[in-house]
Each structure stands twice: as C-alpha cells, then as structure tokens.
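Visitor: I have the sequence and the coordinates open beside me, and I would like to go through a few places in them with you. Could we begin once the structure is on view?

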Amino acid sequence: MTGNNVAARDGFSSKFGVVAAAAGSAVGLGNIWRFPYVAGENGGGAFLLIYLGFILTIGVSVMLAEFIIGRRSQSNALGAFKKLAPSSLWWLVGVMGIIAAFVILAFYTTIAGWTLEYLFQAIGNGFSAKNAAEISGMFDSFQHSTARPLIWQLLFMGLTAAVILGGVQKGIEKYTKLLMPMLVLLIVIMCVRSVTLDGAGEGLKFLFKPDFSKITGNVVLEALGQAFFSMSIGMGALITYGSYVQKDNRLPSTTFQIALADTGIAILAGVMIFPAVFAFGVQPDAGTGLVFQVLPIIFQQMPGGYIFGVFFFLLLTVAALTSTISLLEVVVAWAIEELKMTRRKATILFAAAISVLGVLATLSFSELSEFKLFGKTIFDNLDWLSANLLLPLGGVFIVIFLGWILGPKIIADEVTNQGTIKMKLLKIFIFILRYLAPIAILLVFLNGIGVFGGN
Ligand code: TRP
C-alpha cells in the first residue's frame, strides 16, 4: 500500500494549499459563533483552560491520526477503513462520520444563514442608530420569523454545493488563501475596540481568570466537544483532506500549524466578544444568539463601523463556507467513490437531503420552538449530538484504529515520511493514541452525562 494513484485523484498543488484548506475547514462559525456562546454558558476561564488542555493532547493527536489514515489510504472517510482493514467492521466508523457530516451541516447552515442576514443588514446600514435593546430586538424578531432564515439557509447550502461542484482543487484552495488572513486582521482590530470599551476588564477577567468552582462534568464534556468541533476532527473530514495531501508533506508540523491557527482565532474571538458583552450589559450565557447580539454594537462604537461591519460579515460568510465545503466534501467524496455517483449528482442529491434536516434545525427557533426532545429543541439536540457525542466517539475509534490496528510501524512511516524526517514526540503520540485518548474521552463522556453520579 504505497498509494501511488495520487495522480488519479484530486490533490492540493502546494503545501500551503492543503494547510490552507484544512485550516479553512477548522476555522469557521465554530470559532466565532460557537466558542463564545459555549464558553459563555460554561463559566469562561475554567472552560477555556480545559479546552486548551484537550486541544494540546487529544485534539492534535486525533487530527494527526486523521491525516495519517487519509494519506495512507488515499481514500474517502468510509473507503479508508475498508481499504486499510478489509473484511472487518471498521467501515462503520466511516458511516458514523458521514452521519455526523449530515447532522453538523444541518444546523451549521442555520447559523451561516443568520450570517448572511447580518451581511445583508450591514450593507443596508440596518444597525445604525439603534441601541443595544433594539439590536437584540432585531435579532429576536429575525430569529423567530419563518421564511427569512430558511431562505438564507437554503441560499447558503446552494453556495456550498456550487463550490463542491467545482471539484476539490479549484473549489477549495482558491478561496482560503487570501481571505482568512484578512478575517484575522479584522478580528484583531475589533479586539482593540472591544478591550478599550468602558468596563471591558470584567470581560477579560471572565475569559482569562478561571473560576475552578464552575467546573462540572458537563463543563468538561462541553470543552471536549468544542475542541473536536472547532478542529474539524472526529468524523473523517480530515481523513478526506489527508487523502489529498502530498507524500512529502510533514504531517506533524502541518497539524500544529492548523491547531495553532484554529485555537488562536477562537481566543481572539473571545477577546473580541466578552469585553463587549460585559461593557454593554449582555448576559454571557445568552446562548446561540450571543455574538449576533454583540457584534453590531461593537461596529456602532467604531469609526468606520459601517465598512468594518460589511467586511466582517462577508469574511465570516467565507469562513463558514470553507467549513461547510469540507463537510459536504466528506459526503460527496464517499458517494463518488463508494456509490459510483457523478460529482454532480452526489452534490445535488445530498445538498438537498441535508437541507431537509436543516429546515427542521432552523424552524427550531420559530414554528418548532416548543417541540422538544430530552428538554432541548431540534437545533440544540443536533448541536449537542454532534459535538459532544458523535465527534468524540468517532475520535475514540480513529485513535484506536491507528494505534492498535495499523500500529506503530505504519505510524512511524507516515509521520517521518518513510524515515526521511524526524519526529521527536513519536513515543508520546503513540501513547496518546493507544491509551490516553481513548480512555480519557470515554471517561469525560460518561462523567459528562452523569453516569458516575453528581454533576
Ligand atoms: N470546524 C468548523 C468550525 O469551527 C466546523 C467543521 C467543519 C467541522 N468541518 C467539520 C466540525 C468536521 C467537525 C467536523 O466552524
């Protein structure tokens, strides 16, 4: 198995291409919308600390494991397991990944739709001359309306499908390289505005001063789920991208670069949001609407706020798009290679099928807001199920598969590019794969859902 059929598959043209595309997958609404809202609900500083701990140990290991499995197999998320472990049941892990892609895309496009609405409002100068209460009111009435959020969601899914139709290389590489650095620059400027607001200090304290009394089993599970979600790991998105990575790519350093970019942007988003949350008297645990209620007020308080607002929501749309294409590509690559569909047919069919579930997620804020399972709306269930269950569980199987089934020889081969480069942390990596990650993830999960009592 040397995978010399690279030429037959789409590939990334340069080292930067794949780093950019995988970073584009990782950086998205997970950093700018989900991180602040989940951190806000889970007490801030202590959550951040646990989240960082998970990224550094389990997160980077699962990411590297996915890249290795993908490059080794030259295959999609499901085909990879079939090819590397024929006549076994490991392909079921791939099935779980494809289900996770469905679930995530369904609710992710709801929020991406909100982003489009905010872009539209920003262009029309819809936030100017409104106070905090009015801006919150705008958000509520938009969120509770029926047609508008649905139209934006479907439009966003259409955009995703359009990029995927163009194929991997042309589709993904092109968009990411220029626009992500621009987004980072804008966020940094907004951080400066936010931390110089009156009362900003409280927000920084909330984010950076851990209050250990706030740690519960549930907080730890939420931190693990956020780490998986933000890094795009646990469901084979990076197996699929790994299959497009060139043989001479140094996977460990690629992994660190992506993890660093992803985590750095999440922390910056926190620095942008929380000082403003406290300065404007918004509740940090306001939930899914948090950043949409705060961002427009920050723009109002900035010179040139109109232009900043337009560009910010435009770039956030692009960031969300580079994430949704990585999710849809998982499903499409599987359908092309395993179901022998054409790219066109697979894209249209699955974009439509996922949209059906997506509509239910969006209606969770209006018509279906009273419809609850386990005390949560459909949207909240999809969000919880993917981040806190499907991704961590997928991660357990991925590390066990690499650590125990493929084993140390193949791992060493892949991380050292057949012995041509060195990897200092190889032993630690194998230990994490084989023991630490699977045991820790399972304990965090069981403790998080209260199996050991108390919470
Ligand atoms: N990581 C992305 C974000 O933070 C979302 C995402 C894209 C994702 N692809 C994924 C999450 C695969 C889990 C798995 O916005």
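Visitor: How many of the eleven residues of helix α13 are buried?

Guide: This is a predicted model, and in it helix α13 spans residues 290–300. Residues count as buried here if their relative accessible area is under 20%, and among those of α13 that do so are L290, Q293, P296 and F299. The helix is mostly covered, and the number of its eleven residues that are buried is ten.

Visitor: Where does the ligand sit, and how much of its accessible area does the protein cover?

Guide: The ligand sits in the largest cavity. Helices α1 (15–26), α2, α5 (91–123), α10 (217–231) and α14 (305–338) each give two or more residues to the shell around the ligand. On its own the ligand has 360 Å² of accessible area, and the share of this that the protein covers is 100%.

Visitor: Which residues come nearest to the ligand?

Guide: There are 17 residues around the ligand. One of those that come nearest is G30, with a backbone N or O atom 2.8 Å from an oxygen atom of the ligand, and another is F229, with a polar backbone atom 2.8 Å from a nitrogen atom of the ligand. The full set that comes nearest is A26, G30, Y108, F229 and S232.

Visitor: Which residue places a polar side-chain atom 3.1 Å from a nitrogen atom of the ligand?

Guide: G30 and F229 can be set aside for this question, since the atom of G30 is a backbone N or O and the polar atom of F229 also belongs to the backbone. The residue with a polar side-chain atom at 3.1 Å from a nitrogen atom of the ligand is S326.

Visitor: Is V38 buried or exposed?

Guide: V38 has its place in helix α2, residues 29–41, and beyond its neighbours within four places in sequence it is in contact with F47, E222 and Q226. Its relative accessibility is 2%, and because the limit for buried residues is under 20%, V38 counts as buried.

Visitor: What separates the C-alpha atoms of P252 and V60 in space?

Guide: P252 lies in helix α12, residues 251–279, and is buried, with a relative accessible area of 11%. Not counting residues up to four places away in sequence, P252 touches L64, V415 and M423. P252 and V60 are 192 residues apart along the chain, and their C-alpha atoms are separated by 8.8 Å.

Visitor: Which residues does T263 contact, leaving aside its neighbours within four places in sequence?

Guide: T263 also has its place in helix α12, and with a relative accessible area of 10% it is buried. Once its neighbours within four places in sequence are left aside, the residues in contact with T263 are Y51, L52 and I55.

Visitor: Which backbone oxygen does the side chain of R343 reach?

Guide: R343 is found in helix α15, residues 343–363, and at 18% relative accessibility R343 counts as buried. Its side chain reaches, at 2.9 Å, the backbone oxygen of I164.

Visitor: Does Q418 count as buried or partly exposed?

Guide: Q418 has its place in the loop between α16 and α17, as does N417. Neither is a glycine, yet N417 has a positive phi of about 45° and Q418 has a positive phi of about 60°. N417 counts as buried at 8% relative accessibility, whereas Q418, at 49%, counts as partly exposed.

Technical notes
Residues numbered from 1 in each chain as written. Predicted model: local features only at pLDDT ≥ 70, side-chain atom pairs only at ≥ 80, totals over all residues. Heavy atoms only, no water. Helix = DSSP H or I, 4+ residues; strand = E, 2+ residues; numbered from the N terminus. Buried < 20%, exposed > 50% of the residue type's maximum accessible area, 1.4 Å probe, protein only. Contact = heavy atoms within 4.5 Å. Near = heavy atom within 4 Å. Polar contact = N/O pair within 3.5 Å; in protein donor to acceptor, adjacent residues only side chain to side chain. Areas by Shrake-Rupley, 256 points an atom, 1.4 Å probe, with all protein chains shown as cover. 1 Å grid on protein atoms, 1.4 Å probe; cavity = no way out; pocket = protein on both sides within 12 Å on 5 of 7 lines; lining within 4 Å. Sits in = over half its atoms within 2 Å of the grid points.
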